[in-house]
Amino acid sequence: MSDRLTYEELAGLMKSGAGLTVDPAQMESRPGSAFEEYGLDSLGLLGIVAALENRYGRPLPADADRCRTPGEFLDLVNTTLTGV
C-alpha cells in the first residue's frame, strides 16, 4: 500500500463507498471538475474520508470532506499522508 492516494484508488473508494463508477483516467485528466459531476455528494465524500482514516490509522484534516474536486481532495490527503 502506497502512502499516496491515486486517482485509481479514489475511483475505487467512490465505487465501494457510494456505488459510483468513475473512470480514473477521466478524473485525472480533469482534476478540477466538481465531485458533483461524478455524482458524489458530501455524504459520499465523508464516507471516503472515514474509510481513508481507517486505512491509514490517522485522522485527515477536518475540512477534508469539504473538498470540491478530486484534485483538491488528493492534494489535501497526500499532503497529510506524506507530511509534505
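**Figure 1. Helix α1 passes helix α3 in a right-handed crossing.** In this predicted model, the axes of α1, which spans residues 7–18, and α3, which spans residues 42–56, come within 10 Å and cross at roughly 115°. On the α1 side the contact is formed by E9, L10, L13 and M14, and these residues meet I48, A51, L52 and R55 on the α3 side. Sorted by class, the residues of this contact comprise 6 nonpolar and 2 charged ones, with no polar residue among them.

**Figure 2. The largest nonpolar core of the model contains 24 residues.** The residues with the most contacts inside this core are L10, M14, M27, I48, L52 and F73. Helices α1, α3 and α4, the last of these covering residues 70–82, each supply at least two residues of the core. Of the core residues named here, L10 and M14 also belong to the α1 side of the contact with α3, while I48 and L52 belong to the α3 side.

**Figure 3. Surroundings of F73, one of the residues with the most contacts inside the largest nonpolar core.** When its neighbours within four places in sequence are left aside, F73 is in contact with L5, L10, F35, L45, I48, V49, L52, A64 and C67. Among these partners, L10, I48 and L52 are likewise listed with the most contacts inside the core.

**Figure 4. L5, in the segment before α1, and its contacts.** L5 counts as buried because its relative accessibility is 4%, which is under the 20% limit used for that class. With residues up to four places away in sequence not counted, L5 touches L10, L13, L52, R55, F73, L74, V77 and N78. For one of these partners, V77, the C-alpha atom is separated from that of L5 by 7.2 Å, although the two residues are 72 residues apart along the chain.

**Figure 5. T69, in the loop between α3 and α4, and its contacts.** T69 has a relative accessibility of 14% and therefore counts as buried. Residues up to four places away in sequence again being left out, T69 touches P31, G32, S33, A34 and F35. One of these residues, F35, is also in contact with F73.

**Figure 6. The stretch of chain annotated in UniProt as "domain: Carrier".** The annotation comes from an unreviewed UniProt entry, which places this feature at residues 4–81. Over residues 4–81 the chain of the model is 58% helix and 0% strand, and the C-alpha atoms at the two ends are 7 Å apart.

Notes
Residues numbered from 1 in each chain as written. Predicted model: local features only at pLDDT ≥ 70, side-chain atom pairs only at ≥ 80, totals over all residues. Heavy atoms only, no water. Axes fitted to C-alpha atoms, helices over the stretch in contact; angles between N-to-C directions. Helix = DSSP H or I, 4+ residues; strand = E, 2+ residues; numbered from the N terminus. Left-handed = near helix turned anticlockwise from the far one by under 90°. Contact = heavy atoms within 4.5 Å. Nonpolar A, V, L, I, M, F, W, Y, C, P; charged D, E, K, R; others polar. Core = buried A, V, L, I, M, F, W, Y, C linked by side-chain atoms within 4.5 Å. Buried < 20%, exposed > 50% of the residue type's maximum accessible area, 1.4 Å probe, protein only. UniProt positions renumbered as here; feature names shortened; annotations may be inferred.
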